[in-house]
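Here's a quick briefing to read alongside the model. Have the sequence and the 3D view open and follow along.

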Amino acid sequence: MDYPTFLLLLSFILSIIYVLTVSGRNDSRLPPGPYRFPVIGNLLDLGHEPHRSLATLSKRYGPLMSLKLGSRTTIVVSSPDIAKEFFHTHDRVFSSRSVPETARVIDHHKFSMVWLPAEDHWRRLRRITKEYMFSAQRLDASEGLREKKIRELVRHIDRCCTSGKVVNVGAVAFTTTLNILSNYMFSMDFAQYDSVSSQEFKETVWALMEVSGKPNLVDFFPILKRLDPQGLVSRVTIYGKKLLTNFDRIIDQRLQRRSSSSSPVGVSSANDDVLELLLNLNLKDESKFSRNDMMHLFLALFIAGTDTISSTLEWAMTELIRNPEKMETARSEILKLTQNDDKNIQESCIAQFPFLQAIIKETLRLHPPAPFLIPHEAIHEAEVQGFTVPKNAQILCNVWAMGRNPTVWSNPETFMPERFLNVEIDYKGQDFKLIPFGAGRRICPGLNFAHRMLHIMLGSLIQNFDWELEGNASPQDIDMGEKFGITLQRNIPLVAIPIKL
Ligand code: HEM
């Protein structure tokens, strides 16, 4: 039975429950929205590409819209002004998370920074993450590590040039990002470029993301929770446990190594990885930062930090292959500064590459990896623009629609990095026109890490290689279709032929 038929059948069966549970409700002060069917509400309005369907609906009902997704009241935000009301003016009220059922497995939601309410424990995790991983100081100190991994990526593509192999751009970007994170955290590689080696960790992260990205009926009808009709919860449990077991083993091995080494436990050297620092923190005060906190933090960071970067890079390369003159402009900008010393692009030089920066902004405008951010939730009832947002309502901020709104951007469907030259628009949460990393207290904590990674990875790919499509295909024929999931990926992976420059 297909998904829409199943929903209709469910609608019929549960109608009676609906009548019993919602009669007498007064929704008149909710923001406007389309007609809601009994029980299923507006689920059928979502389709396979909810970011597009909701963008279309918001043209009719406005940038502040309400829907009912199964039993869930959902508020959809689709303009910079309204986004500012939610994530600046009323930021605290809307700072909680609507937690999907798949995030509750292995109690992840009780430990994970992504899903905890914005209270004390979440604040502690954010502080730890900032201090030990993503402060400017920590990022500067680890620059060499990222550059080393980017050199490995370039060497891998060099080998593809020599052997005439095509490159799956998203896959190599994923491997590079995963290894940069795993070396930063644990001083070890989690993935290899060749397909013969064991890729267990990489495959488990992929599988977990794939399953978690599927719409789950249980989230719309909590009554089905025990049935797990699509089997998503049980599959996420398997993959989640597998990853946690991996982290657990790595922590054990490190503790063993520490106890057998001569340096006293708790004394660290200058080039410590994140695990070393977090173990010290854990030993200092287990009640404030437990081993479980640590394992779930790693899980959250690997899930949130890999595919977001690799899919952005894949979209950027897709747009550049479709627009070779923009690729050439970016390349000459980089070569002007690097060709004398024959070096790869460095993080410390990013500020000197305005066109490259404009390309990343333009890519994130058109292809935000999290098209609805990560769903927020209202802590209590609030009034926005004269409408009521009920307590526990789920908030979806459609940054995909905001990026393509013709009243905000001229020629919104066209890839035009130049629009960002000589204007002060950034994605750091101040300009609500461009918030692919969110804004306010829930803004992405990995933003500065991602900023550096995206620029040096994309910069290196265009500095060292030209790119062509297989079989003389025309760049204009590239399929630009999207696949909606935990991130907004390309429907068909970008496969291209590198040509050594
Ligand atoms: C292109 C790269 C990335 C993009 C576009 C991105 C985007 C986002 C967005 C939209 C959110 C939700 C903001 C909100 O709900 O208001 C978020 C949250 C988060 N991101 Fe990122 N992200 C990226 C890379 C990373 C990286 C590299 C890491 C870490 C290694 C990371 C870790 C997280 C975490 C832990 C959260 C949850 C924060 C919280 O709920 O308090 N992200 N990110």
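**The enclosed cavity**

L364, R365, P368, V399, M402, G403, K433, L434, I435 and P436 line the largest cavity. Keep in mind that you're looking at a predicted model. We'll start with that cavity, then go on to the ligand, an open pocket and the overall fold.

- The count of cavities of 30 Å³ or more comes to one.
- Space in the largest cavity is about 50 Å³.
- Two helices, α17 (354-366) and α18, each put at least two residues into the lining of the largest cavity.
- Of the elements, α18 gives the most to this lining, with three residues.
- Sorted by class, the lining of the largest cavity has seven nonpolar residues, one polar and two charged.

**Around the ligand**

- The ligand has 28 residues around it, and the closest are R97, W122, H376, R442 and C444.
- By class, that shell breaks down into 19 nonpolar, six polar and three charged residues.
- R97 makes a side-chain contact: one of its N or O atoms is 2.8 Å from an oxygen atom of the ligand.
- R126 also uses its side chain, with a polar atom 2.9 Å from a ligand oxygen atom.
- I374 takes part through its backbone instead, where a polar atom sits 3.3 Å from an oxygen atom of the ligand.
- If you want to find the shell by element, look at α6 (120-134), α14 (291-305), α15 (307-322) and α19 (447-464), which give two or more residues to it.

**The iron**

- Which protein atom is the donor to the iron atom of the ligand? It's the SG atom of C444, the single donor from the protein, at 2.3 Å.
- C444 sits in a loop, the one between α18 (399-403) and α19.
- C444 is also listed among the closest residues to the ligand as a whole.

**The second largest pocket**

- This pocket has a volume of about 480 Å³.
- Its lining is made of 25 residues, and those nearest the centre are W206, E210, D307, K483 and Q489.
- Elements that each supply at least two lining residues are α9 (169-186), α10 (200-212), α15 and β11 (489-490).
- Helix α10 gives the most to the lining of the second largest pocket, with five residues.
- The class split for this lining is seven nonpolar, 10 polar and eight charged residues.
- Helix α15 turns up twice in this briefing: it gives two or more residues to the shell around the ligand, and it supplies at least two residues of this pocket's lining.

**The overall fold**

- The protein has 19 helices and 12 strands.
- Its C-alpha trace spans about 75 × 60 × 45 Å along the principal axes.
- Why does a radius of gyration of 23 Å agree with a compact globule? Because a compact globule of 501 residues would have a radius of gyration near 23 Å, and the protein has 23 Å.

Note on methods. Residues are numbered from 1 along each chain as its sequence is written. This is a predicted model: local features need pLDDT of at least 70, side-chain atom pairs count only at pLDDT 80 or more; totals for chains, interfaces and linings use all residues. Side-chain values use heavy atoms; hydrogens and water are left out. A residue is near a molecule or strand if one of its heavy atoms lies within 4 Å of it. A polar contact is a pair of N or O atoms within 3.5 Å; within protein, one must be able to donate a hydrogen and the other to accept it, and residues adjacent in sequence count only if both atoms are side-chain atoms. Helices (H or I, at least four residues) and strands (E, at least two) are DSSP runs, numbered from the N terminus. Ala, Val, Leu, Ile, Met, Phe, Trp, Tyr, Cys and Pro count as nonpolar, Asp, Glu, Lys and Arg as charged, and the others, Gly among them, as polar. On a 1 Å grid over the protein atoms alone, a cavity is a set of points where a 1.4 Å probe fits but cannot get out, and a pocket is an open set with protein on both sides within 12 Å along at least five of seven lines; lining residues have an atom within 4 Å of a point. Grid points are joined across faces, edges and corners, and a volume is the space filled by probe spheres set on the points. Donors are N, O and S atoms within 2.8 Å of the metal (3.2 Å for Na, K and Ca); water is not among the atoms, so sites may look incomplete. The radius of gyration is taken over C-alpha atoms; the globule rule is 2.2 Å times the number of residues to the power 0.38.
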